[in-house]
Amino acid sequence: MASQAVLPWRHVPKLAIAVAAVVLLVWTVFPFVWILLTSLKGPADIISVPPTFVFTPTIDNYAALVIGEQRGQTSSTRPDFPLFFLNSMIISFGAVALSVAAGIPAAYALARFNFPLKDGFAFVLMSFRFVPFIAFVIPLYLLYQRLGLYNTHAGLIFAYQLITLPFTIWMLRSFFQEVPLEIQEAATIDGCSWFGVLTRVILPLSLPGISVTLILGFMFCWNAFNYPLMLAGRQTFPVTVGAIQFISSEQVLWGQMAAATIVAALPQLLLSLMVQKYIVRGLTMGAIR
C-alpha cells in the first residue's frame, strides 16, 4: 500500500519539467504569433479594445510595404521597405564574408601557432564585444564624414566588423582546436604548407563549425540597430532601422510595422532551416572527447 501511495509522486518531476517547457514555449512563441496576427489585421482590428482574436485576415499590410498604400489611402510613409530589405542583404552578407575572410587566418594562427602574448591578443579581440557601441560610433561617425563612408554600404560593412569579427575569430579558433593535432602533423609530413593544411585539412573538418559561425554572424548583422541608426541614411537603412520609419508624427502604422517585422525575420528563419544539421553538429563539436 505504501509503495502504491508513493508511486504517483515519481511522476512529479517529469510533470513539472513538461509544464515548465510548455510555459517557456508559450512565452517565447506568443510575441511572434501576436506580431503575425497584427500583420494580418485591418486598422480597426489592430486598435480594438479588447484585442480581437477572430477577424477577417487581410494582406493589405504586406502590400503596403511595396506600394505604400493601405486600404486605398496613401500612407504617410514612403514605400522604401524593399530598399531597406536589399540594404540588409548587401550589408549582412558583405560583413559576414569580410569577417570570415579575415577571421579564418587569424583564428588558425591563434589556434595552432605559438607567439608572444597570444592569449592576451585573443582576449583583446574578444573585448571589443564587451565595449558599449557608443564608444565606437562617435569616432566612426567623425571618421566616416571625413572619408566619405557615411551613408554607404561599405561604411556599414566595416563598422559591422566590430560585431562579427571578434565573434568569428573566437568561434573558429575553438573549432580549429578541436581538430586533432596528429592530422595536421601528418599533412605536414606529406609536404603541405600551413596554407595547405588550413585549406585541405582544417577547413573541411571544421565545416559544421564554420556554418554555425556564418549563421550566427549573419543574424548579428541582420539584427544590428545602433550602428546603422547613427552611420546610415535613408538610402542605406537596413530593415531594423527602416521598420521605425512607419512611425510618424501623424500616426503609427502598426500593421505595416508588424508585416515588416515578419518579412525581416524570414531570411534568418529560412537560412537556419536550410543548414539546421550543420548548426546541430557545429554546436556539439567538442562536447564529447
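1. Helix α15 covers residues 254-274 of this predicted model. Its 21 residues reach 31 Å from the first C-alpha to the last, close to the 30 Å expected at 1.5 Å a residue.

2. A bend of about 30° occurs in α15 at L266. A proline, P267, follows within four residues of that position. P267 also belongs to the buried residues of α15.

3. The other buried residues of α15 are G255, Q256, M257, A258, A259, A260, I262, V263, A264, Q268 and S272. As background to such a list, an α-helix has 3.6 residues a turn, so residues three or four places apart point the same way.

4. A packed helix pair is described by the angle between the two axes and the distance between them. For helix α5 (residues 81-112) and helix α9 (residues 161-178), the axes come within 7 Å and cross at roughly 40°. That angle makes α5 oblique to α9, because the roughly parallel class is reserved for angles under 35 degrees and the roughly perpendicular class begins at 65. The crossing of α5 past α9 is right-handed.

5. The contact of α5 with α9 comprises 14 nonpolar residues, together with six polar and two charged ones.

6. P180 lies in the loop between α9 and α10 (181-189). With a relative accessible area of 39%, P180 is partly exposed, because this value falls between the 20% limit for buried and the 50% limit for exposed residues. The C-alpha atom of P180 is separated by 9.5 Å from that of I202, and the two residues are 22 residues apart along the chain.

Key: Residues numbered from 1 in each chain as written. Predicted model: local features only at pLDDT ≥ 70, side-chain atom pairs only at ≥ 80, totals over all residues. Heavy atoms only, no water. Axes fitted to C-alpha atoms, helices over the stretch in contact; angles between N-to-C directions. Helix = DSSP H or I, 4+ residues; strand = E, 2+ residues; numbered from the N terminus. Parallel < 35°, antiparallel > 145°, perpendicular 65-115°, else oblique. Left-handed = near helix turned anticlockwise from the far one by under 90°. Nonpolar A, V, L, I, M, F, W, Y, C, P; charged D, E, K, R; others polar. Expected span 1.5 Å × (residues − 1). Bend = angle between axes of the 7 residues up to and from the residue. Buried < 20%, exposed > 50% of the residue type's maximum accessible area, 1.4 Å probe, protein only.
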